[in-house]
Amino acid sequence: ATMPPLLSAIALAGRHGVLVKSAVVMEQLADTATVAFDKTGTLTGGTPRVAEIHPAGAFTEQELLRLAAAAEHPSEHPLAAAVVTAARDRGLHLSAADDFDSAPGRGVRATVDGRLVQVGSPVLLDTVTGDTDAVAQVRTITASAQAAGRTAVVVLVDGIPAGVLALADRIRHAATAAVAALTELTGTRPVLLTGDNHGAAARLAAEAGITDVHAGLLPADKVAHVRTLQAGDRRVLLVGDGVNDAPALATADLGVAMGGRGSDLALSSADAVLVRDDLAALPAVIALSRRARRLVV
Ligand code: ADP
Ligand code: MG
């Protein structure tokens, strides 16, 4: 027996490692007008590493890393995993984190050894009231790390700057070719939407061949950008890992989740899943969708 074209396209997509959730999705992929990418965990491999440790004030490298890693331990963010790995690699013993809380696109906070530890984006520095010398020191380190294309993670202990961790991440090996193929297929250049700083975003975008870059976005800002892209009835496909882009994935016409690192929420609410995290499969399934639709109509 022969399968209907959309169903056989779904089966073929599966062989490319793409789980397409319905025949409707399989058909709509053909109409993708703009592809938007999340950065961390999507265009990058999602296994960043701590490249530099810069303690501030009276903190030592070890104490900075130990406290930051303890606070990050409960987090599922790829940056958190990198901080924990760096601490483990140095044989540091991590105390338990109490009262853990995370703010998507911002960072985490927890009580460690009775001290309040906050780890996250440099926006944290805006909350520091005293100790202007330490703040100035940390801002300088942050600026140079960002200029070098790194993600600067700031650490506060009891509201005082304890230092900066500079994290480096690598572009996924299929990203540049996927961006080129998508530009060719859709006639529109893909867009980058990231919560990371502009320096790190620009460095990665240049490697990927993306020119339309929006950095420093909170989850709600990503939603607003997707809406802007949708203006004029354009169908937007967003690829993300769901760590902080679940609302934007839901807003996009088609939400595609990375399978390897995707959060449970992203995997269950996405329209399609890149099971093997292979970005090259994306243009392949759009092409499959177009072929299937030609057979349907
Ligand atoms: P992207 O949009 O590229 O996926 P995220 O929104 O996940 O990036 O993160 C944006 C920024 O928020 C990070 O660059 C970092 O500064 C901060 N951040 C978010 N979560 C954490 C965390 N668990 N630890 C440290 N920093 C974090
Ligand atoms: Mg992400």
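1. Domains first. In this predicted model, the protein splits into domain 1, made of 5-45 + 171-296, and domain 2, covering 49-168. So you'll want two ranges in your selection string for domain 1, because the assignment writes that domain as 5-45 + 171-296. Measuring from C-alpha atoms, the two centres are 30 Å apart.

2. Where the domains meet. The contact involves 14 residues from domain 1 and 11 from domain 2. On the domain 1 side, α3 (39-43) and α8 (198-208) each put in at least two residues. Of these helices, α8 is the one to look at: its three residues are the largest share of that side.

3. What that side is made of. Sorting the domain 1 residues that touch domain 2 by class gives seven polar, four nonpolar and three charged.

4. The main core. Nonpolar side chains tend to be buried together in soluble globular proteins. Here the largest nonpolar core runs to 54 residues, and A36, L238, V256 and V285 have the most contacts inside it. Helix α12 (residues 281-296) is the top contributor to this core, with six residues.

5. A closer look at V256. Leaving aside residues up to four places away in sequence, V256 touches L237, L238 and V239, plus A270, D271, A272 and L274. L238 turns up again here: this neighbour of V256 is also among the residues with the most contacts inside the core.

6. The other core. There is a second nonpolar core, separate from the one above, with 37 residues. Its members include A70, A145, A152 and A166.

Notes:
Residues numbered from 1 in each chain as written. Chains lettered and ligands numbered in written order. Predicted model: local features only at pLDDT ≥ 70, side-chain atom pairs only at ≥ 80, totals over all residues. Core = buried A, V, L, I, M, F, W, Y, C linked by C-beta atoms within 7 Å. Buried ≥ 20, exposed ≤ 12 C-beta atoms within 10 Å, placed from the backbone. Helix = DSSP H or I, 4+ residues; strand = E, 2+ residues; numbered from the N terminus. Contact = placed C-beta atoms within 7 Å. Nonpolar A, V, L, I, M, F, W, Y, C, P; charged D, E, K, R; others polar.
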